[in-house]
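Here are a few exercises to help you find your way around a new structure. Grab the viewer and work through them one at a time.

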Protein chains: 2
Amino acid sequence: VKMVHNGIEYGVMQLIAEVYHIMHKNLNMNNEEIHDVFSNWQKGKLSSYLVEITAAIFLKKDELVPNHFLVDAILDKASQKGTGKWTSIEGLNLGVPIPTIDAGVNARNFSNQKSLRTALTNGKELSGQKSTHSLTIDELENALYFSIICAYIQGFSMIQEASNVYNYDVDCLQVAKTWRGGCIIKADLLDHFISVFSKNQRDLHLLQTSDFADLLKENKAGLKKTVAIAQQNEVPVIGLSSALNYHNSLHSATLPANLIQAQRDFFGAHTYQRTDRPGTFHSDWEQKS
Amino acid sequence: VKMVHNGIEYGVMQLIAEVYHIMHKNLNMNNEEIHDVFSNWQKGKLSSYLVEITAAIFLKKDELVPNHFLVDAILDKASQKGTGKWTSIEGLNLGVPIPTIDAGVNARNFSNQKSLRTALTNGKELSGQKSTHSLTIDELENALYFSIICAYIQGFSMIQEASNVYNYDVDCLQVAKTWRGGCIIKADLLDHFISVFSKNQRDLHLLQTSDFADLLKENKAGLKKTVAIAQQNEVPVIGLSSALNYHNSLHSATLPANLIQAQRDFFGAHTYQRTDRPGTFHSDWEQKS
C-alpha cells in the first residue's frame with residue numbers, strides 16, 4: 001500500500017508539473033500568476049497537500065539571486081528513490097494498466113536526459129507559438145482533476161488486484177481514510193473514494209461507480225482540450241494524455257486487439273478466440289479462401 | 001537483443017492496430033479498403049513483414065461464417081507470452097524511456113479487460129462521430145512511419161545503454177543487419193539504421209543523427225493530426241501518442257522537472273541542483289523570503 005501510495009504520488013506530481021509547463025509555455029503566465037491559480041485551486045475540488053505546497057513554491061524567492069524566484073533556478077532533472085519504478089514493475093507483473101503512474105516514472109527518466117535535450121534543441125526553448133484555440137484556467141483545472149482521479153483509480157485498482165491475487169485482504173476503505181488523514185497524497189478527492197468504498201460495491205470497478213463515472217464525465221472536455229492544445233504546440237503531456245487514453249481504452253467496447261491476435265496467429269500459430277463461439281482456433285492465413 | 005526485438009514487435013503491432021482502429025472507427029473504411037491501404041503501404045516506406053501480413057489478414061475469409069471476413073470474428077483480447085513485459089521492466093531498470101514499447105504491453109492488458117469494457121459501454125460502440133477535420137491516408141502513413149521509427153529508436157537506445165552498463169559490447173550495426181535479413185520486425189526502414197550505424201557516430205543519440213532528425217521532421221505533422229483527431233473522437237491511441245510525447249519530451253530544452261525537484265525538497269528535503277552553479281542545495285520552503 002505504501003509502494004502504491006508513492007506511485008500515485010509520482011503520477012500526481014507529474015500531472016501538476018505538466019499543467020505548470022502549459023501555463024508557463026502556452027499561456028505565458030509568470031510565477032505570481034501561476035501561484036494565484038494554484039492558490040485558488042487549493043480552495044476548490046483540487047484541494048490537497050501537493051497543490052498547497054505547489055502554490056507556496058511559486059512565491060519562494062531565491063536567496064542566492066536577489067529578486068528572482070527559486071523555482072526558476074532549479075535544474076530540471078528529477079531524481080527518484082525507486083518506489084515509482086517498483087510500482088510500475090508490479091503493475092506490469094499484475095497485468096493492471098497504471099499508465100499515469102508509469103508516466104510519472106518515465107517523465108523523470110526523460111528529465112535526466114538533460115544533455116541530450118539541450119543538444120537536440122541547441123538549448124533553445126519552444127518558440128511558444130500560441131494555439132489558435134484558447135484554453136481557460138477552468139478547463140485546465142478540470143483536466144488536472146480528471147487526470148489526478150485517474151491516477152488514484154489506477155492505484156486503487158492495482159491494490160484491489162494485488163489483494164485478490166496475493167490474498168492480502170486489503171481494506172480499501174481503511175486505506176482511503178488513512179491517506180485522507182495525512183500523507184503526501186492527502187486530498188479532498190479521497191472523500192469520493194471513502195464514499196464509494198463505504199458502499200461496499202465489491203463487484204464494481206471504480207470507473208463503474210456512478211460517483212466516478214459522473215465526476216470523470218463532467219471534467220473530460222477540459223482534459224481533451226488541454227491535451228489537444230499542448231500537443232499542437234509540441235509541449236509533452238505524457239501524464240495528461242495517459243489519463244485520457246486510460247479512460248478511452250476502458251470505454252471502448254471493442255479494441256483493435258483482434259488484429260493483434262490475427263498477426264500472432266499468422267506468424268506464430270498462437271491461436272485466437274472468436275466472438276461468436278467458444279473454443280480456441282487457428283487458421284492457415286496464407287491460404288486464399 | 002532478442003528480448004528487445006520482441007519489445008519493438010509489441011510496439012509496432014500496437015501502432016498498426018491503432019491505425020486500423022482509426023481507419024475502421026474514424027474513417028468508416030471496410031476490410032477491403034483497409035487491405036488496399038496496407039497493400040499500397042507495403043510498396044513504400046512502410047514495407048515490412050508486419051505490414052505485409054496485415055494486408056493479407058484483411059482479405060482472409062471466415063471459413064465458419066460464409067461471406068464474412070475472419071478478422072471481424074476474432075475476439076479483441078490479445079495474449080502475451082511475456083517478452084514485451086520483460087522489455088518494459090528492463091527499460092525501467094535501465095532508466096531508458098521506451099514508452100512506445102510499454103504502450104504495446106499496456107494495450108494488451110487493456111484488451112484483456114473485455115468484460116469491464118463491455119460493462120462500461122453497455123457493449124455499445126463509439127457513436128463514430130466524424131471529426132470536423134479530415135484525415136488523409138498519406139497523413140496516416142506518415143503517422144505510422146514516424147511512430148514505428150520511434151519504437152525502433154527506443155529499442156536500439158535501450159540496447160546501447162544496456163551494452164554500456166553491462167559491458168555487453170553489442171554491435172548495433174550487426175543487430176540491424178541481422179533483423180533486416182529476416183525476422184518479425186524485418187523492415188525497409190532498418191536500412192536507415194544500418195546506414196547510421198555504419199557511420200560509427202557513437203557519441204550521437206539516434207535522434208541526433210541527420211538521417212533520423214530529417215525523417216522524423218518530415219513525418220511529424222501527420223502524427224500530430226492523427227493523434228488530435230483520434231483523441232477528439234475518443235479513440236484510444238496509446239502507442240501513437242507515446243511516440244509524439246517521446247519526441248516532444250526529448251526536444252524540450254527545459255522540462256517542468258524543476259517543480260518536481262522543488263516539491264521533493266519541500267516535503268522530503270531531497271535537495272536539488274541549480275542551473276547557475278554546481279553543488280547540491282536545500283531550502284526551507286515554508287519560510288517566507
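Before we start, one term: buried area is the accessible area, taken with a 1.4 Å probe, that two parts lose on being put together, summed over both. Keep in mind, too, that this is a predicted model.

**Exercise 1. Find out how much area is buried between chain B and chain A, and which atoms give it.**

Solution. Start with the total: about 10,400 Å² is buried between the two chains. Next, split it by atom type: carbon and sulfur atoms give 63% of that area. Then look at who takes part: 109 residues of chain B are in contact with 109 residues of chain A.

**Exercise 2. Work out what holds charges and polar groups together across the interface of chain B and chain A, starting with the salt bridges.**

Solution. The rule turns up six salt bridges across this interface. Let's check one of them, B:Glu234 with A:Lys220, whose side chains sit 3.4 Å apart, N to O. A salt bridge needs these atoms within 4 Å, so the pair passes. Now widen the search to polar contacts: between chain B and chain A there are 46 such residue pairs.

Which elements of chain B supply the touching side? Helices giving two or more residues include H1 (2–25), H10 (210–232) and H11 (238–250) of chain B. The largest share, ten residues, is from H12(B). Finally, sort the residues on chain B's side by type: 49 are nonpolar, 34 polar and 26 charged.

**Exercise 3. Describe how chain B can be laid on chain A.**

Solution. Turn chain B by 180 degrees, with a shift of 0.0 Å along the axis, and it lands on chain A with an RMSD of 0.0 Å. The two copies are therefore related as by a two-fold rotation axis. Then compare the contact residues: 100% of those in chain B recur in chain A, so the same surface serves both copies.

**Exercise 4. Classify the aromatic pair of B:Phe266 and B:Trp285.**

Solution. A search over all chains gives 28 aromatic pairs. For B:Phe266 and B:Trp285, the centres are 6.4 Å apart and the planes differ by 25 degrees. Planes under 30 degrees apart count as stacked, so this pair is stacked. Now place the partners: B:Phe266 is in helix H12 of chain B, while B:Trp285 is in the segment after H12, 19 residues apart.

**Exercise 5. Sum up the secondary structure of chain A.**

Solution. Count the elements: chain A has twelve helices and zero strands. For its extent, the C-alpha atoms fill a box of roughly 75 × 50 × 35 Å along the principal axes.

Note on methods. Residues numbered from 1 in each chain as written. Chains lettered and ligands numbered in written order. Predicted model: local features only at pLDDT ≥ 70, side-chain atom pairs only at ≥ 80, totals over all residues. Heavy atoms only, no water. Contact = heavy atoms within 4.5 Å. Polar contact = N/O pair within 3.5 Å; in protein donor to acceptor, adjacent residues only side chain to side chain. Helix = DSSP H or I, 4+ residues; strand = E, 2+ residues; numbered from the N terminus. Nonpolar A, V, L, I, M, F, W, Y, C, P; charged D, E, K, R; others polar. Least-squares fit on C-alpha atoms with pLDDT ≥ 70 in both. Phe/Tyr/Trp six-rings, centres within 6.5 Å; stacked < 30°, edge-to-face > 60°.
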